[in-house]
Amino acid sequence: MDQNTVFDPELIQRYDVAGPRYTSYPSAVEFQDGFREQDYLRHIELTNTVPRPLSLYFHLPFCDTVCFYCACNKIITNNRAHSIPYLQNLGKEIVLLGKLFSPQRQVEQLHWGGGTPTFLSHQQMGELMSITRKHFNLMDNDQGEFSIEVDPRETQEDTIAFLRNLGFNRLSLGIQDFDPKVQKAVNRIQSETRTFAVLSAARDSGYRSISVDLIYGLPFQTVVSFKNTLEKIIAANPDRLSIFNYAHLPSRFKVQRQINNEDLPSPAEKLAILRMTIEQLTAAGYVYIGMDHFAKPNDELAVAQRNNQLYRNFQGYSTHAECDLIGIGITSIGKVGDAYIQNVRDLETYATLLSEEKLPILRGYELNTDDLIHRDVITGLICHFSLAFAMIDEKYSISFLQYFEPELSVLSEMEKEGLLSMKDYTIEVLPVGRLLIRNICMVFDNHLKQTPQSQFSKTI
């Protein structure tokens, strides 16, 4: 497939509205409080009958300093002892869930996110992995996708090698920006020397994939300053990059009120930063996967996209579409069978429910047939920039042309603007439409009409 991208500033400005990022469909704002433990248990039982592989996500929320741009559920503390009761409760949840899922179901994918997973001590991380292995059937041949988010400021000399020995083979390195003025404005002071030492250690330790996280749209960023950061990252040669668009939503996230509106780059400057980023990464040989993600052509994400095997979930793009995802820890979200499940957000409720041997569920969502159809369409487009009508027709015994007649009418207008092509009963997103893939997917979002746009970030 053609994995090129074309930057059209006029079209981008015209379509720059707020919308979901489609890590799920329906998006998390549609989850319902009426979804309870018995609903989750029913979906676990159903999926155990034909045991699919598993993916585990652990939310480790602790950070010792707050980054002003952060919209994650986090706990800011310098007291490392605060993690002890949380890890004890995490262990209780692992035990409860391990009893419910068939031991035949092998864990092919595991991810520690946060917060800052490396806030934990080596002993704590080792014990967490040990209890996970005791209660779940983790792949032990290094063929699974076991990843961890790492803050270079929270790593000792031997941390990266230690994590590799625990079984992690993928590492995501948080950087955001090297410019000192930007770092000060967002309260994330991080040296280049320490950052590249961690990246080098990961390479020496034999990680299969190293990813770097950057953010554009932060205060005081310019095309020149961000290009300087980007050139240093490109020289370090990571396998993947995530270049996230900063969504300034201070009304929703109190910590973002520490960032002054007047310090943010203008919309025009922000677009120019994005354009420069795409040009620089493309020239360096990276492929645009979609939704702020870039990868080397031989990376598993790029290969999966070319082979029509890419998937998208709450951790972003994935090569493990066949897995049921179990969320563990506060706020974590899972997908088991045709249901989404989200845990409670606060430590007290989490501890109370687990002390009663109850699953700490806050809310969830059971997908109906219409949801499943729309999800397959959106997933196909956002992962592969292509969708054959026949695939949906055959899977659901419908006529795509009739079922989506109103949506196809809207797409015909996008076709006139060069975003996509509709011929031979296939939607093909063209290079100029790839940066606007969220807008194209929004056409197929049945829930969006009832959801305030203030719930979402801008699409670009």
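**Exercise 1.** Determine which strand pairs with β6 over 4 bridges in the parallel sense, and which residue is the bridge partner of Ser147.

*Solution.* Step 1: β6 pairs with strand β7 (residues 170–176), parallel, over 4 bridges. Strands are DSSP runs of E of at least two residues and helices are runs of H or I of at least four, numbered from the N terminus; two strands pair if DSSP finds at least two bridges between them. Step 2: the partner of Ser147 in β7 is Arg170. Step 3: together with helix α5 (residues 159–166), β6 and β7 form a right-handed β-α-β unit, where right-handed means that, with the strands pointing away from the viewer, the path from the first strand over the helix to the second runs clockwise.

The model is predicted: local features need pLDDT of at least 70, side-chain atom pairs count only at pLDDT 80 or more, and totals for chains, interfaces and linings use all residues. Residues are numbered from 1 along each chain as its sequence is written, and side-chain values use heavy atoms, without hydrogens and water.

**Exercise 2.** Find the strand that 4 bridges join to β6 in parallel, and the residue opposite Glu145.

*Solution.* Step 1: the strand is β4 (residues 106–114), which runs parallel to β6. Step 2: Gln109 stands opposite Glu145 in β6.

**Exercise 3.** Explain why β6 is described as largely enclosed by the rest of the structure.

*Solution.* Step 1: the strand spans residues 145–150. Step 2: buried means under 20% relative accessible area, exposed over 50%, partly exposed in between (1.4 Å probe, protein chains only). Step 3: 5 of the 6 residues of β6 are buried, so the strand is largely enclosed.
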